[in-house]
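Here are a few friendly notes to read alongside the model. Take them in order, with the structure open beside you.

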Amino acid sequence: MNVKDYSKEKLSWFYETMYTMRRFEEEVFEFYKKGMMAGLAHLYMGEEAVATGICGALNDNDYIGSTHRGHGHLIARGADLNRMMAEILGKKTGYSGGKGGSMHIMALDKGILGANGIVGGEIPIATGAAYKAKYKNSGQVAVSFMGDSATNEGTFHESLNMAAAWKLPCVYVIENNLYGISVDIRDVTNTPDLSVRAVSYNIPGVTVDGMDVLAVNEAAQKAVERARNGEGPTLIECKTYRWQGHHVGDPAVYRTRKSETEKQDWMERCPIDCFKDILLKEKVVDAKSLKRIEELVEEKIQEAVHFAAESDYPDAKEAYTDVFAAE
Amino acid sequence: MKEITYAQAVCEALDEEMARDEDVLMIGEDIGFIGGNFKTTVGLMEKYGEWRVKDSPISEAGIVGMGVGMALTGLRPVVELMFSDFLLVAADQVINQAAKIRYMSGGQATVPLTIRCPIGAGRSSAAQHSQSMQAMVAHFPGMKVVVPSTAQEVKGLLKTAIRDNDPVILFEHKMEYNKVYTIDDEVEPIPFGKARIAREGKDITIVATSSMVMKSEAAAIRLAKEGIDCEIIDVRTIVPFDRDAVIKSVQKTGKLIVADEAHERCGIGAEIAADIAEEVFYYLDAPCGRVANPNVPLPFSPALEFPLIPSEEKIYEKVKSYFK
Amino acid sequence: MAEIIIMPKLGFNMSEGKLIKWYKQEGDFLKKGEPLFCIETDKTNIDIEGTGDGIVLRLLITEGDTVPVTTPICVVGDSNEDVDMILTQGKVQTPRSQEERAIPDPVQAGGQPERGFVSPELRDKGKIKITPRAKRVALEMKIPVEEWSNISGTGFQAGICEKDLLAYAKTRDKKAKASPLAKKIASENDLDIRGIYGSGAAGKIMAEDVRNALTKEGAAQGLNREDTEDGRVIRESLPYAGIRRIIGERLSMSASTAPHVYFTQKVNMEKLLNARKQVNEASSVKVSVTDFIVRAVTMALEKYPGVNASLDGDTILQFESVNVGVAVAAPGGLIVPNIKNAEKMSLVEIAEASALLIDKAREGKLLPSEYAGGTFTISNLGMFGIDNFTAIINPPEAAILAISATKEEPIVVVDQEGKKDIQIKPMMNIQLSADHRIIDGLLAAQFTAEMKVLLENPMGLLI
């Protein structure tokens with residue numbers, strides 16, 4: 001699809017969403033470097049086009065299942081930045097009151113079934129949501145995000161098999177950023193394109209350039225329509241790259257094993273910068289509007305940063321609540 | 001009153017709950033067309049359709065995970081695992097996901113998922129199909145653990161499990177399925193966390209789970225003839241656990257035995273004995289004891305298997321040892 | 001707007017970072033995303049990128065410096081900004097000031113409860129097996145601890161269970177016939193009448209008996225008697241309990257199970273007493289005769305390790321450690337603190353250690369570890385003028401040395417030419433009691449003889 005096929009609003013949304021993700025992750029990293037963030041975060045920088053492109057094809061009441069690298073997905077679905085940042089810092093004003101942290105943010109009011117700390121753990125859960133949609137004939141779709149390495153977990157195969165057999169309204173999105181921590185996917189899988197695995201389940205599998213938000217969105221629209229029509233799931237593989245290591249503080253020494261300039265090569269294809277160039281070149285959004293978007297995003301980001309930093313930690317006795325539902 | 005097998009009682013509970021609430025649905029291996037490996041879902045697929053009583057492929061982690069997803073999005077799924085041993089295949093979805101999602105979401109999420117699976121040895125099913133997993137799952141916070149005894153109990157407790165808004169694992173006993181029981185025509189849901197005094201007595205307290213309740217009752221009849229009066233407590237639910245009932249009983253009798261079919265090491269008996277001991281220390285007239293499986297995997301040959309299963313005889317001997 | 005760049009914390013355990021290289025110098029332009037500096041962590045070197053466009057205004061540290069994490073190391077901003085002001089303000093202004101918002105320390109876990117030390121001598125002594133339930137019932141029924149040893153147990157491991165206690169209580173009740181006045185006096189004084197001896201017909205408790213019970217010291221709980229039946233008038237009756245009982249039981253056990261053999265030597269103490277005088281003139285630490293004897297014992301045991309032993313079931317344990325106990329009269333009875341590893345100590349060190357222990361013993365402040373674990377005991381009753389006495393071995397040791405008084409006595413002295421003479425010398429008897437299961441006659445004799453030699457040649461003890 002061509003950039004001119006999109007409305008200005010939609011293109012602005014794409015830009016704003018990706019820019020928000022990038023600034024949010026940068027601020028998370030700052031918190032970490034200052035020793036204000038406990039545990040670890042897994043940053044989405046570089047992969048913005050994937051979440052944005054996919055979620056740009058969804059309705060408000062659709063579901064997504066996310067991963068440990070989930071901040072991008074959550075932002076794309078409109079989760080509250082303040083509550084996200086507060087949760088990442090473990091404050092009581094976070095989405096889970098500090099009980100979940102970065103890897104377990106859930107925002108059920110936005111259809112976000114949850115980030116998940118277990119690789120492959122969310123895939124059957126998203127598939128269950130798709131089953132519900134079919135069972136209730138609700139027209140909803142469930143998107144299951146996963147990394148390249150999750151496609152080697154048993155749950156990937158179990159879920160795709162059932163979704164394909166029963167034609168569940170599900171879209172499976174692989175964010176192939178080449179690495180499962182330090183292990184190169186190309187060394188542990190025999191299929192350079194992971195989308196090929198769709199053949200095992202007799203469903204369509206497509207590979208797209210994960211740095212191109214419009215390419216991703218186009219593939220997403222097709223898959224979502226297919227799902228809503230009751231034709232079953234699709235497997236979309238987005239080739240992308242993460243700027244930072246697996247987690248904050250990971251020096252990522254494994255990157256240069258196959259190519260000295262691997263990181264720099266990918267960074268030249270920054271989804272945000274390239275998209276901005278296209279928008280300006282094709283004159284579909286002007287520089288002033290983009291600057292305005294950036295300023296508005298910056299305000300929201302700084303608000304989230306302050307909100308999170310100044311919020312209180314939860315009381316220790318809160319650890320004993322929310323194990324079970326009140327009867 | 002009517003006569004019914006334990007398996008039919010399970011089936012009736014599922015039927016009644018599905019009739020009552022269209023959000024209740026089931027998924028499991030062989031539950032649809034043939035009505036279940038242990039005949040616990042006979043007729044349900046015909047009645048409710050194949051989307052509501054779904055025959056699944058052999059994907060334990062997948063179907064429990066789907067159950068979590070369904071529960072998160074508003075349904076009340078009942079997932080059947082054919083043997084409690086297969087909880088290990090699905091363990092991540094059971095323990096890391098279902099049990100913890102509510103907590104990790106700070107209370108936003110509710111997971112009204114019910115998992116049913118059978119425990120127990122006695123059919124020469126050998127080591128991988130004869131285990132009893134209740135201690136393992138009770139160890140992890142976030143899941144309710146139900147161990148019904150009779151057919152009436154399983155029917156009432158299964159209804160409560162399905163209506164409960166939290167993840168519940170309900171353990172049926174595979175040796176009970178074909179036994180005929182007399183149950184009430186109408187069975188109300190039995191509340192969790194309230195044990196049943198199966199037999200009142202004053203000399204010793206036997207806390208029992210699942211079919212060990214009935215074995216204890218048989219042993220108690222023999223013991224009564226010898227002047228030993230047993231009080232038998234049917235635990236019903238290990239989580240939530242009715243501590244007060246046990247404490248009250250031991251204060252009266254001064255002696256406690258826990259009868260639970262599972263390996264003795266780190267089992268329910270160990271938990272109850274340690275947990276209760278603090279409360280009843282000055283009422284104890286003897287140390288707490290256990291009747292359980294020895295710490296060996298379950299063998300195939302009946303000559304090897306039967307002597308390992310905690311039996312009425314073993315309960316009888318254990319109680320007798322307290323009254324020399 | 002200027003930015004203060006800090007030394008980043010890049011790992012949970014990272015507390016400081018070493019700057020390896022600046023990629024930019026002061027005045028250079030920095031683009032967002034360009035590497036600004038390289039740091040060394042414990043695992044590897046990491047490049048840190050700039051987070052915003054600007055000019056590198058100041059580098060605060062140099063290559064090779066190591067600083068704590070979150071220390072400012074660089075300022076990046078516009079060329080016209082006042083760096084000093086930025087740095088001063090930066091400490092006050094940042095909304096995320098580290099001190100206030102740092103992650104709270106993990107809660108210190110509560111310490112492990114102290115595990116009490118149970119002396120092997122006291123453990124299992126005087127212990128009655130009784131269930132918690134029975135104990136509670138006993139207290140409720142006011143059946144005192146002293147009576148529990150009268151109850152036979154049919155419970156777990158033959159312990160006393162509730163049933164046994166109730167059965168005992170019934171028999172007790174049968175005995176407790178008392179006159180109404182006796183009962184009245186007893187209840188007024190909160191006394192359990194059932195424990196009182198009855199002098200009336202068929203053991204009936206009379207008012208006089210209750211009054212007597214009240215006036216006797218320490219008799220409120222226990223048994224009280226007036227005259228015995230065979231004409232012995234009782235002055236006082238004390239409970240055979242506590243330390244006294246423990247000592248009694250232990251020594252009875254020792255006397256009856258260990259076949260004691262006894263070896264005596266007379267020791268000429270002339271040289272030792274002189275040596276002691278000289279040592280005490282020279283030393284600030286006062287050395288007693290007993291200290292010399294301890295030193296001699298230690299040396300003798302090193303020569304004859306078979307005496308430094310203990311019988312443990314089917315095994316005779318010979319010890320490396322020479323832990324010499326010295327019997328001390330303490331409040332409540334005899335107690336034997338021991339000097340641990342005396343084989344490693346000089347005479348003066350022994351004197352110091354024993355002085356400390358004896359003081360503690362007399363004040364009743366010895367720790368269990370100080371009276372447990374002895375391997376040999378010395379009992380010195382010389383100060384009472386005793387000529388000779390025999391001591392009972394202190395179990396689980398193999399032998400004990402009894403020291404008697406030093407007295408001037410005429411003895412036969414032989415000079416170098418062989419000429420005999422009678423002289424008056426300070427003589428002291430030492431007597432070894434040895435457990436013949438562990439030590440045979442020859443060894444015991446050799447040991448005792450060695451003791452005589454060591455004590456009569458005290459210079460050897462000073463080394």
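**Cavities and the contact of chains C and A**

1. The largest cavity in this predicted model has a volume of about 100 Å³. In total, six cavities of 30 Å³ or more are counted.

2. Have a look at what surrounds that largest cavity. Chain A takes part in the lining with A:Glu30, A:Lys33 and A:Lys34, while residues from chain C include C:Ile4, C:Ile5, C:Phe37 and C:Thr51. By character, the lining residues divide into six nonpolar, five charged and one polar.

3. Which elements supply at least two residues each to this lining? They are helix H1 (8-33) of chain A, and strands E1 (3-6) and E5 (45-49) of chain C. Strand E1 of chain C gives the largest share, with four residues.

4. Now turn to the contact between the two chains, which takes 23 residues from chain A and 21 from chain C. About 1900 Å² is buried between them, and carbon and sulfur atoms give 58% of that area.

5. Two salt bridges are counted between chain C and chain A. One of them joins C:Lys32 to A:Glu26, with the closest N and O atoms 3.2 Å apart. Four residue pairs across this interface are in polar contact, both residues being at pLDDT 80 or more.

6. On the side of chain C that touches chain A, strand E5 and helix H2 (98-101) of chain C each supply at least two residues. The largest share there, three residues, comes from E5 of chain C. This side divides into 11 nonpolar, five polar and five charged residues.

Methods:
Residues numbered from 1 in each chain as written. Chains lettered and ligands numbered in written order. Predicted model: local features only at pLDDT ≥ 70, side-chain atom pairs only at ≥ 80, totals over all residues. Heavy atoms only, no water. 1 Å grid on protein atoms, 1.4 Å probe; cavity = no way out; pocket = protein on both sides within 12 Å on 5 of 7 lines; lining within 4 Å. Points joined across faces, edges and corners; volume = space filled by probe spheres on them. Nonpolar A, V, L, I, M, F, W, Y, C, P; charged D, E, K, R; others polar. Contact = heavy atoms within 4.5 Å. Buried area = accessible area lost by both parts, 1.4 Å probe. Salt bridge = Lys/Arg side-chain N within 4 Å of Asp/Glu carboxyl O. Polar contact = N/O pair within 3.5 Å; in protein donor to acceptor, adjacent residues only side chain to side chain.
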